[in-house]
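Here are a few exercises to try with the model open beside you. Work through each task before reading its solution.

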Amino acid sequence: MRYAQLVVGPAGSGKSTYCSTIVKHATDTNRIIDVVNLDPAAEHFDYEPLVDIRELIHLDDAMEDEELQFGPNGGLVFCLETLLENCDWLEEQLGDVDDDYILFDCPGQIELYTHLPVMRKLVDKLQQWNFRICVVFMIDSQFMVDGAKFISGTMAALSVMVNLELSHVNILTKMDLLSKSARKQLDNYLDPDPHILLADMRNGKSKWHEKYAKLTESIGEVIENFSLVRFYPLNIKEEESIDNILLTIDNIIQYGEDADVKVRDFDEPDPEDNDE
Ligand SMILES: Nc1nc2c(ncn2[C@@H]2O[C@H](COP(=O)(O)OP(=O)(O)OP(=O)(O)O)[C@@H](O)[C@H]2O)c(=O)[nH]1
Ligand SMILES: [Mg+2]
C-alpha cells in the first residue's frame, strides 16, 4: 500500500503552506512525507518537491504557445490533461516505494474538483498505482464566519466530495488569524447545526433571505442529513493542532495499521528457521 493526501481547495486557501507545515512536522517526528507539486503556475512554496509538474509542463508553455493560445484557466486544465497523457512520466518520477506517503499540492481552481473530469482521472491513476487517498479540502476560516458564507463553503466542499468520490476531510485554515469573537462564531458551526445557521441568517433579515427562506432551510437540511460535512480547524502555529489533523487523516487512509500487521508478521518466529 501507498498513502496520499490530495490537497485541494480555492486559490490562496493555504494548500502549499499546509504541505510544507506537514512535511516539517513529519521530519520533526521522524517520518518521511513527500510533496508533489501539481500546480503548473506555482511560483513559490517552502518545500522541496519530490516531483514537480513544471518540469513536464509550465503554465506559460500553454499560454505562450502560438497555436494553443490559452488563458490562465484553460491553460491550467490543458497542463493537467498533459500530465494525464504523460502519466508514465509521473509514475516513473514517483518511483515504486512501498508504504510511501505523499501530499499532492494541487492548483487553486475550484472547478478542477467540482465538475471537471481531469482530477477524477488522476485519482483513478493513483489508485491503480496502489495509493490509498484522502482528499483534504482546505478552506480559509476567515470566509466561514457567517451563516451564509458557511453554507456556501459547505456546498463547495460537498460538490468536491461528490465529484471525487473519495475519503474526504475538510480543513479550516488560518485559524491563527481569527479574532476571539470570530473564533467563537465559528465554533457554533464546527458541528454544523443548520438551525443555528438559519437563525443566524434570519437575523440578517435581508429581502433575499425572506424570499428564499425555504430554500435556505432545505440547504440546511441537506447539510445536516449528509452529516459528512464536517470541518476540522487547523492552527499551523500549534503543534498539537497539526498533529491532530495528521492523525485524523492517517486513520482515514489507515496509515500505520498495515505497517503494524507487517511488523507482527515479521516478528512471528518461523518454525523452519531458528537462526533469526
Ligand atoms: N497566518 C497564516 N497565513 C497563512 C496560513 N496558511 C496560508 N497562509 C498565507 O496565505 C497565503 C496563501 O497561502 P498558500 O499556502 O500559498 O495558499 P495556496 O492555497 O497554496 O494558494 P494557491 O496555490 O495560489 O491556490 C500565503 O501568504 C500564506 O503565507 C495560515 O495557516 N496562517
Ligand atoms: Mg499553492
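**Exercise 1. Find which residues have the most contacts inside the largest nonpolar core of this predicted model.**

Solution. Start with the extent of the core: it has 52 residues. Within it, Leu6, Leu94 and Phe104 are the ones with the most contacts. Next, take Leu94 and set aside its neighbours within four places in sequence; its partners then include Val36, Leu50, Val51, Ile102, Phe104, Leu126, Trp129 and Phe131. The list also holds Arg2 and Asp100. Finally, look beyond this core: a second, separate one of 25 residues includes Val23, Ala26, Cys134 and Val136. As background, nonpolar side chains in soluble globular proteins tend to be buried together.

**Exercise 2. Decide whether strand E1 (residues 2-8) is enclosed or open, and identify the strands it pairs with.**

Solution. Take one side of the strand to begin with: Arg2, Ala4, Leu6 and Val8 are all buried there. Now turn to the other side, where Tyr3, Gln5 and Val7 are buried as well. Both faces of E1 are thus covered. Buried here means under 20% relative accessible area, and 7 of the 7 residues meet that cut-off, so E1 is largely enclosed by the rest of the structure.

For the pairing, follow the bridges. E1 is joined by 7 of them to strand E5 (residues 131-140), and the two run parallel; in this pair Arg2 stands opposite Phe131. Another 5 bridges link E1 to strand E4 (residues 101-105), also in parallel, with Leu6 opposite Phe104. Leu6 and Phe104 are both among the residues with the most contacts in the largest core.

**Exercise 3. Classify the packing of helix H1 (residues 15-28) against helix H12 (residues 239-252), and describe the contact.**

Solution. First, the geometry: the angle is about 95°, and the axes lie 11 Å apart. Angles of 65 to 115 degrees count as roughly perpendicular, which is therefore the class for H1 and H12. Second, the residues: H1 contributes Tyr18, Thr21, Ile22 and His25, while H12 brings Glu239, Ile242, Asp243, Ile245, Leu246 and Ile249. Third, their character: the contact residues of the two helices divide into 6 nonpolar, 2 polar and 2 charged.

**Exercise 4. Describe the chain as a whole: how many helices and strands does it have, and what share of its residues is buried?**

Solution. Count the elements first: there are 13 helices and 7 strands. Then consider burial, which applies to 43% of the 276 residues. Last, take the contacts between residues at least 6 apart in sequence: 74% of them join residues at least 24 apart.

Technical notes. Residues are numbered from 1 along each chain as its sequence is written. Chains are lettered from A and ligands numbered from 1 in the order in which they are written. This is a predicted model: local features need pLDDT of at least 70, side-chain atom pairs count only at pLDDT 80 or more; totals for chains, interfaces and linings use all residues. Side-chain values use heavy atoms; hydrogens and water are left out. Axes are lines fitted to C-alpha atoms, for helices over the stretch in contact, and angles run from 0 to 180 degrees between N-to-C directions. Helices (H or I, at least four residues) and strands (E, at least two) are DSSP runs, numbered from the N terminus. Angles under 35 degrees count as roughly parallel, over 145 as roughly antiparallel, 65 to 115 as roughly perpendicular and the rest as oblique. Contact means heavy atoms within 4.5 Å. Ala, Val, Leu, Ile, Met, Phe, Trp, Tyr, Cys and Pro count as nonpolar, Asp, Glu, Lys and Arg as charged, and the others, Gly among them, as polar. Buried means under 20% relative accessible area, exposed over 50%, partly exposed in between (1.4 Å probe, protein chains only). Two strands pair if DSSP finds at least two bridges between them. A nonpolar core is a set of buried Ala, Val, Leu, Ile, Met, Phe, Trp, Tyr and Cys residues joined through side-chain atoms within 4.5 Å.
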